[in-house]
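Dear colleague,

Please find below the structure that I am handing over to you. My findings follow directly after it.

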Amino acid sequence: MNVNWLKTPALALMSALALSAHVVAETSGTAKQKEGTMTKIEFIFGEDRLSATLDDTAAGRDFAAMLPLELTLTDYHGIEKISDLPRKLDTTGAPASYKPETGDITLYAPWGNLAIFYKPFQNSRGLVRLGAFDGDIAPLVRSAPYTVRIEIAD
């Protein structure tokens, strides 16, 4: 009996299932948005300078295009520092939700504000990762509000 005709549909089905699993993983809130060349930036406030890296995504590139920025950070629920941005960012291709970790720099798209997490938080609809700090973020956790300058690193 010739079963070669079964191999092609079975392989096609297995390929489709594998592709489907890959697409789900890429669009889930836990998927990091890291690809290609990333932009180094600095957060400057008082005597402190913290370096960070923006993801090579539409939102990360659009945020970089806004720099330099001077923003006032306020505390939100003892978990994150937030500030309004001067305009909405391009979120093309961003997942519907994201689970932030300590040191993540994000956009909360429904409000159009920057959200910098100094504690991890739950998966949140509308949260878009822009990048993350490269090291210790302890100086960021100081009492807010305070002004920070964000610029492209030299």
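Which residues lie nearest the centre of the second largest pocket? They are Tyr76, Glu80, Tyr108, Phe117 and Phe121, and the lining as a whole comprises 13 residues. Please bear in mind throughout that this is a predicted model.

The second largest pocket

The volume of this pocket is about 190 Å³. Two elements, strand 4 (80–84) and strand 7, each give two or more residues to the lining of the second largest pocket. Strand 7 supplies the largest share, 3 residues. Sorted by class, the lining contains 9 nonpolar, 3 polar and 1 charged residues.

Tyr76, one of the residues nearest the pocket centre, belongs to strand 3. Tyr76 is partly exposed, because its relative accessible area is 28%, and the range for that class lies between 20% and 50%. Beyond its neighbours within four places in sequence, Tyr76 is in contact with Ile82 and Trp111. Phe117, also listed nearest the pocket centre, stands 41 residues from Tyr76 along the chain, yet the C-alpha atoms of the two are separated by 9.5 Å.

Overall architecture

The protein has 154 residues, of which 42% are buried. Its secondary structure consists of 2 helices and 10 strands. Read from the N terminus, the order of these elements is α-β-β-α-β-β-β-β-β-β-β-β. Among contacts with a separation of 6 or more, 64% are between residues 24 or more positions apart.

The nonpolar cores

In soluble globular proteins, nonpolar side chains tend to be buried together. The largest nonpolar core in this model has 29 residues, and Phe43 and Phe63 touch the most other members. Two or more residues come from each of strand 1 (39–45), strand 2 (48–54), helix 2 (58–66), strand 3 (69–76), strand 6 (104–108), strand 7 (113–117), strand 9 (127–133) and strand 10 (146–152). Helix 2 makes the greatest contribution to this core, with 4 residues.

Apart from this core lies another, of 6 residues, which include Tyr98, Ala115, Phe117 and Leu127. Phe117 thus appears both in this core and among the residues nearest the centre of the second largest pocket.

Helix 2 and Phe63

Why can helix 2 be called largely enclosed by the rest of the structure? The reason is that 7 of its 9 residues are buried. These are Ala58, Ala59, Gly60, Asp62, Phe63, Ala64 and Met66. The buried residues of helix 2 pack against strand 1, strand 2, strand 3, strand 7, strand 9 and strand 10.

Phe63 deserves a separate entry. Not counting residues up to four places away in sequence, Phe63 touches Ile41, Leu54, Leu69, Leu85, Leu89, Leu114, Leu130 and Ile150.

Glu42 in strand 1

Glu42 is found in strand 1. Is Glu42 buried or exposed? Glu42 is buried, because its relative accessible area is 19% and the class requires a value under 20%. The side chain of Glu42 forms a polar contact with the side chain of Arg49, at 2.9 Å. Setting aside residues up to four places away in sequence, Glu42 touches Arg49, Leu50, Arg149, Ile150, Glu151 and Ala153. Ile150 is thus touched by Glu42 and also by Phe63.

Two loop residues

Lys119 sits in the loop between strand 7 and strand 8 (124–125). With a relative accessibility of 43%, Lys119 counts as partly exposed. Apart from its neighbours within four places in sequence, Lys119 is in contact with Gly78, Ile79 and Thr102. For Gly78, the backbone oxygen lies 3.4 Å from a polar atom of the Lys119 side chain. Asp104 is 15 residues from Lys119 along the chain, and their C-alpha atoms are separated by 9.1 Å.

Ala96 occupies the loop between strand 4 and strand 5 (97–98). Ala96 is likewise partly exposed, with a relative accessible area of 42%. A distance of 5.9 Å separates the C-alpha atoms of Ala96 and Gly126, which are 30 residues apart along the chain.

With kind regards

Note on methods:
Residues numbered from 1 in each chain as written. Predicted model: local features only at pLDDT ≥ 70, side-chain atom pairs only at ≥ 80, totals over all residues. Heavy atoms only, no water. Core = buried A, V, L, I, M, F, W, Y, C linked by side-chain atoms within 4.5 Å. Buried < 20%, exposed > 50% of the residue type's maximum accessible area, 1.4 Å probe, protein only. Contact = heavy atoms within 4.5 Å. 1 Å grid on protein atoms, 1.4 Å probe; cavity = no way out; pocket = protein on both sides within 12 Å on 5 of 7 lines; lining within 4 Å. Points joined across faces, edges and corners; volume = space filled by probe spheres on them. Nonpolar A, V, L, I, M, F, W, Y, C, P; charged D, E, K, R; others polar. Polar contact = N/O pair within 3.5 Å; in protein donor to acceptor, adjacent residues only side chain to side chain.
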